[in-house]
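User: I am new to this structure and should like to learn how its features are read. Please take me through them one at a time.

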Amino acid sequence: MDSKYYVSGPVGPKPVPDGMSRRSFFSAMTIILGGVISSVLGFNLGRYFISPVWATKKENWINISLLEKIPNGIPTSVNYIQRKPDGWMANEGVDTVWFLRQGNKVIAFNPKCTHLGCPYRWDSEKDVFVCPCHTALFSKTGEVLSGPPPRPLDRYPVKTENGIVKILPEPEEGEI
Amino acid sequence: MKNWLDERIGWKKIKEVLLDRKIPRVTSLHTLGSICLFLFILQVITGIFLAMNYSPSPDHAYDSVRYISEIPGGRFLRGLHFWSATAIVIGVFLHMLRVFFMGSYKFPREATWWTGVGLLLIIVGGFGFTGYLLPWDQKAYWATVVGLNLAKQMPYLGHYIAAIIRGGSEIGAVTLTHFYAFHVLLLPAITMLLLGSHLFLVVWHGISSLPERTKEGSGQLISNDNWKQKVSDRYHELKSQGKPFFPYIVYKDMVAITFVFLAIVWLAMEKGVHLEVVADPTDKFYNPRPEWYFLFLFQLLKYFPGSFEVLAIAVIPVVLIGFLVLLPLIERGPKRHPFDRPFITIIGVIGLTGMIYLGIEGYYSPLTNPIIEKDIRVLDGQRLFFENFRCQSCHSINGRGGVFGPPLDTVGLRRSKDWLAEHFRDPEKVSPGTKMPNFGMLDNEVAVLVAYTSSLGGGPFTAQAPALFKDNCSDCHKVGDMGEALASDLSGVGQYREQGWIAKYIENPKKMDPKAEMEGFDGILTKEQIEDLSRYLAAQR
């Protein structure tokens with residue numbers, strides 16, 4: 001049978017040249033090329049997938065209240081509507097903040113207990129913040145008086161402009 | 001290690017059957033199948049990750065696609081998905097041509113061919129059509145409108161088919177969830193089945209050898225008795241002289257795949273993926289055009305007027321698909337070389353030439369409508385204005401809307417962008433005592449609202465503007481009683497063109513509409529005069 005139509009070279013294993021055989025060269029090249037494709041793809045998939053880890057939150061100061069409307073010296077909770085970016089959309093949700101105004105100075109407390117995130121309230125008779133979960137007590141300025149919380153009440157950055165109190169609420173690390 | 005694997009999964013047998021199997025001599029064209037397989041896997045991987053940040057709802061689809069581009073690597077992944085989709089269409093088509101002209105679909109590989117035809121239809125028709133809608137931009141919307149109306153014109157069942165695909169009574173939320181489920185659940189499942197069968201058959205029968213001229217290589221095959229046995233014997237002879245699949249064939253595939261991958265990476269990075277403005281069913285100036293690989297069908301429709309159209313929509317595709325399906329049954333026997341079966345080769349060449357010719361004709365057929373450049377930020381702002389913050393409850397534009405706040409027809413002229421931005425951020429600050437509430441707008445929302453409001457209304461024109469029109473335009477155009485209507489009557493032009501567009505058109509009409517016959521006034525009128533004139537025209541409602 002005429003062989004020129006179907007066989008390109010000598011049949012059977014080729015003689016092994018110096019160093020590397022054709023076979024192991026092809027195997028190595030296949031693995032290298034596969035590695036190049038996988039790493040280009042893997043690198044981009046990876047940074048896309050884990051990007052939420054280092055996503056930065058934008059500063060978004062929120063107008064809460066006129067300074068004069070916050071009672072002086074008595075912790076007061078104020079509900080506010082916050083417009084938050086949520087992926088490709090913006091959501092409006094009601095949140096709350098505890099204010100303690102001392103003259104022109106205002107402290108804004110994150111309304112979650114620093115122990116496990118329960119919502120605390122102000123007990124005006126005893127002059128303390130009370131967390132219902134594990135009966136933690138905080139002073140008017142947020143210091144821990146008793147109970148398990150590891151640190152004083154968290155504070156939000158706060159500023160007053162043109163008589164309007166603004167806060168920059170940011171969830172604490174690890175908060176759900 | 002290898003023994004351990006062997007005891008558990010039978011590695012030695014797998015290696016023997018898959019990796020060490022001998023492959024007869026093949027050409028570079030035989031890498032096309034592997035390229036398609038690679039591209040499909042690439043589609044699956046990128047698709048899975050894109051789905052993590054995509055929302056199949058008309059309210060969110062478009063914004064979520066844009067959001068993907070903002071994620072690190074997101075633009076690139078979307079580019080890979082898009083360009084590998086394009087490549088896979090080319091790939092499966094070329095792969096089919098290779099099999100067609102080399103007669104590889106013949107005994108004993110008919111079933112391999114049928115699974116392949118199934119894959120071709122699913123990939124081009126199924127994935128292409130459903131994936132197209134997902135970004136929910138103009139192109140997506142109108143391509144689906146056209147596709148569904150084509151389906152409707154199929155005889156007898158057309159309306160039912162269209163209704164099922166559409167899901168709801170019109171293209172909307174239900175259509176999008178339907179298309180999404182098809183695209184990411186149903187079609188991949190069908191593809192896995194077909195692809196699995198296809199690959200199994202490829203291994204089972206072995207990769208077909210190169211076709212040989214009957215009179216030279218295998219003349220004895222012509223005799224009708226027992227030709228199947230002879231084909232099989234000859235194949236095994238060629239196969240035994242071949243090389244092991246791994247690494248010789250895999251290496252060749254890998255080199256080809258690497259080239260294709262690098263090309264796709266380049267396209268994804270350089271060209272990206274064009275996202276048009278959000279779907280707008282009311283747009284009267286859009287030019288719906290199919291993707292380039294459907295241009296031949298698009299062009300074909302033009303040759304079948306009225307009641308003959310059913311020929312192009314139903315008959316021709318059915319004949320084409322039927323031809324592909326029946327091909328291994330029509331064209332049997334041992335002859336595989338294209339020159340040994342001139343009839344089928346000529347049919348293939350004619351079909352291919354026809355498709356290419358129609359495709360090129362379709363590509364160069366002129367657009368009917370001018371291309372209107374739209375500022376995507378202005379449109380975003382408009383959506384926020386009307387749909388999110390509902391500013392029209394208090395403000396009016398063109399006499400429509402509330403009366404509680406000032407009308408905004410000419411606000412773009414009256415207020416600076418800085419003023420507008422401050423106004424949106426904190427109304428009290430720039431207008432003390434204002435009734436406008438502070439919406440707590442996010443920075444990007446402020447930015448696009450400024451873009452929209454500052455584009456509003458050309459604002460007042462000067463007393464010279466009508467005279468400018470009379471001197472420069474009235475020989476051809478008409479406004480009210482003034483001028484001649486040789487060219488378009490501009491009496492109501494402000495209803496459908498915004499001032500910015502008119503200004504650009506006066507400056508250089510060719511830029512806005514390549515077919516425009518009007519000469520540009522850039523250099524004839526000053527910038528201020530063009531601005532003035534465009535405001536005058538924008539006020540013609």
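**Reading helices, sheets and domains**

Analyst: Let us begin with a helix pair in this predicted model. Helix H20 (residues 464-472) of chain B packs against helix H23 (residues 527-538) of chain B at an angle of about 95 degrees, and their axes are 9 Å apart.

User: How is such a pair of packed helices described in general?

Analyst: The description rests on the angle between the two axes and on the distance between the axes. In the present case, angles of 65 to 115 degrees count as roughly perpendicular, and H20(B) and H23(B) are therefore roughly perpendicular to each other.

User: Which residues of H20(B) and H23(B) meet?

Analyst: H20(B) contributes Gln464(B), Ala465(B), Pro466(B), Leu468(B) and Phe469(B). From H23(B) come Gln529(B), Asp532(B), Leu533(B), Arg535(B) and Tyr536(B). By character, the residues of this contact between H20(B) and H23(B) comprise 6 nonpolar, 2 polar and 2 charged.

User: Where does the domain assignment place the domains of chain B?

Analyst: Domain 1 of chain B is assigned to 2-215 + 237-278 + 286-364, domain 2 to 376-454 and domain 3 to 464-538. Taken over C-alpha atoms, the centres of domain 2 of chain B and domain 3 of chain B are separated by 29 Å.

User: Let us turn to a sheet. In what order do the strands of the open sheet in chain A stand?

Analyst: The order is E5-E6-E7-E8 (chain A), an open sheet of 4 strands with antiparallel pairing. Strand E5 (121-123) and strand E8 (144-146) of chain A are at the edges with a single partner strand each, so one side of each has no neighbour in the sheet. Ignoring direction, neighbouring strands of this sheet are turned by 40 degrees against each other on average.

User: How many bridges join strand E7 of chain A to E8(A)?

Analyst: Strand E7 (residues 136-138) of chain A and E8(A) run antiparallel and are joined by 2 bridges. Leu137(A) is found opposite Ser146(A) in E8(A).

User: Which residues does UniProt list as "transmembrane region"?

Analyst: In chain A, an unreviewed UniProt entry places this feature at residues 25-50. In the model, residues 25-50 of chain A are 100% helix and 0% strand, with end C-alpha atoms 36 Å apart. For chain B, the unreviewed UniProt entry lists several spans under this name, including 249-269 and 310-330. Residues 249-269 of chain B are 100% helix and 0% strand, with 30 Å between the end C-alpha atoms. Residues 310-330 of chain B are also 100% helix and 0% strand, and their end C-alpha atoms are 26 Å apart.

Conventions: Residues are numbered from 1 along each chain as its sequence is written. Chains are lettered from A and ligands numbered from 1 in the order in which they are written. This is a predicted model: local features need pLDDT of at least 70, side-chain atom pairs count only at pLDDT 80 or more; totals for chains, interfaces and linings use all residues. Domain bounds come from an automatic or database domain assignment. UniProt positions are given in the numbering used here, feature names are shortened, and annotations may be inferred rather than shown by experiment. Axes are lines fitted to C-alpha atoms, for helices over the stretch in contact, and angles run from 0 to 180 degrees between N-to-C directions. Angles under 35 degrees count as roughly parallel, over 145 as roughly antiparallel, 65 to 115 as roughly perpendicular and the rest as oblique. Two residues are in contact if their C-beta atoms, placed from the backbone, lie within 7 Å. Ala, Val, Leu, Ile, Met, Phe, Trp, Tyr, Cys and Pro count as nonpolar, Asp, Glu, Lys and Arg as charged, and the others, Gly among them, as polar. Two strands pair if DSSP finds at least two bridges between them.
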